[in-house]
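Me: I should like to learn how to read a metal site and a pocket from a set of coordinates. Could we begin with the general idea and then turn to the case at hand?

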Amino acid sequence: MYYQSRSIILKTSDLREADKIVSIFSEKAGKISAVARGIKKPKSSLRACVQPFCHSLLFFSSGRELDLITQGKLIQFYGNTREDIQRMLYAVYIMELLDKSLMERMPLSDLYLYTLQVLNYIDEWGVNQLIIRSFELKLLICLGYTPLLNRCIKCGSPTVSSFNIPEGGTVCDVCQKESSSIYPLAAPTLALLRLLLNANIKTISRVKASTQNLQQLEAFLEAYLEYHLERRFSLKSTIRTLKDRMML
Ligand SMILES: [Zn+2]
């Protein structure tokens, strides 16, 4: 069977000789692993379309084990991102998050479109930490882990001060004493989280937040992602080390 889909390239890995396995987030079929034959040869016409974080139209033929990429057409190369180490690291981080968290053959068109919006934003304007956080949150929502932020998930009180990670919602001062895996959230951080849940990328890009609240938001989302995805994100620590060294 032959099919085609717009696709975001998550990762490539060596298969044999000139071939590679490409991990793809496709618009129509969700995450797919497919073989790109002869990709390491300099004259390969597929080469440019299957670079990590490229947006391409890919043509596939179904195989017994892995599908084969038969042709490709580059839609967006994100050239500015490739020339800037900070932008590139975050684009690769987003690809890594998708690669590690998506199930094969589960289409998620909202997440697909949001990923493109974030890649476009980074390429045009640079890295905005709140937009990276909004991507992490969007990923959690699309995987079914929408955080409940309106009231205490135990007693319904509107005054909440922390988040119960395993149960996925905010809790009040009284109920947090009976809960385990509690993550404290300051009021401005909670407000940021609520904003990210509802706002579009344009609005988010205009929001100003203090470094302290951004850091708390980042640590919270990292803990929530790790709880659900059950793995540490090696790239996140690489980004942190680079940031320290280069004062990014
Ligand atoms: Zn409560």
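Reply: Four donors count as tetrahedral if all angles lie between 85 and 135 degrees. Please keep in mind that this is a predicted model.

Me: Which arrangement do the 4 donor atoms around the zinc ion adopt?

Reply: The arrangement is tetrahedral, because the angles subtended by the 4 donor atoms run from 104 to 116°. The protein donors are the SG atoms of C152, C155, C172 and C175, lying 2.3 Å from the zinc ion.

Me: How are the donor residues of the zinc ion spaced in sequence?

Reply: Their spacing follows the pattern C-x2-C-x16-C-x2-C.

Me: Is C152 buried or exposed?

Reply: Buried means under 20% relative accessible area. C152 has a value of 3%, so this residue is buried. C155, with a relative accessible area of 49%, is partly exposed.

Me: Let us turn to pockets. What is the volume of the second largest pocket?

Reply: Rolling a probe the size of a water molecule over the atoms shows where empty space is left. For the second largest pocket, the volume is about 150 Å³. The pocket is lined by 14 residues, and Y114, K138, L196, L197 and A199 are the closest to its centre. Helix 3 (109-125), helix 4 (129-142) and helix 6 (187-198) each give two or more residues to this lining.

Me: What is the character of the residues in the lining of the second largest pocket, and which domains supply them?

Reply: The lining comprises 8 nonpolar, 4 polar and 2 charged residues. Domain 1 (1-127) and domain 2 (144-248) each contribute at least three residues to the lining.

Note on methods. Residues numbered from 1 in each chain as written. Predicted model: local features only at pLDDT ≥ 70, side-chain atom pairs only at ≥ 80, totals over all residues. Heavy atoms only, no water. 1 Å grid on protein atoms, 1.4 Å probe; cavity = no way out; pocket = protein on both sides within 12 Å on 5 of 7 lines; lining within 4 Å. Points joined across faces, edges and corners; volume = space filled by probe spheres on them. Helix = DSSP H or I, 4+ residues; strand = E, 2+ residues; numbered from the N terminus. Nonpolar A, V, L, I, M, F, W, Y, C, P; charged D, E, K, R; others polar. Domains from an automatic or database assignment. Donors = N, O, S within 2.8 Å, 3.2 Å for Na, K, Ca; no water. Tetrahedral: all angles 85-135°; square planar, octahedral: opposite > 155°, others 65-115°. Buried < 20%, exposed > 50% of the residue type's maximum accessible area, 1.4 Å probe, protein only.
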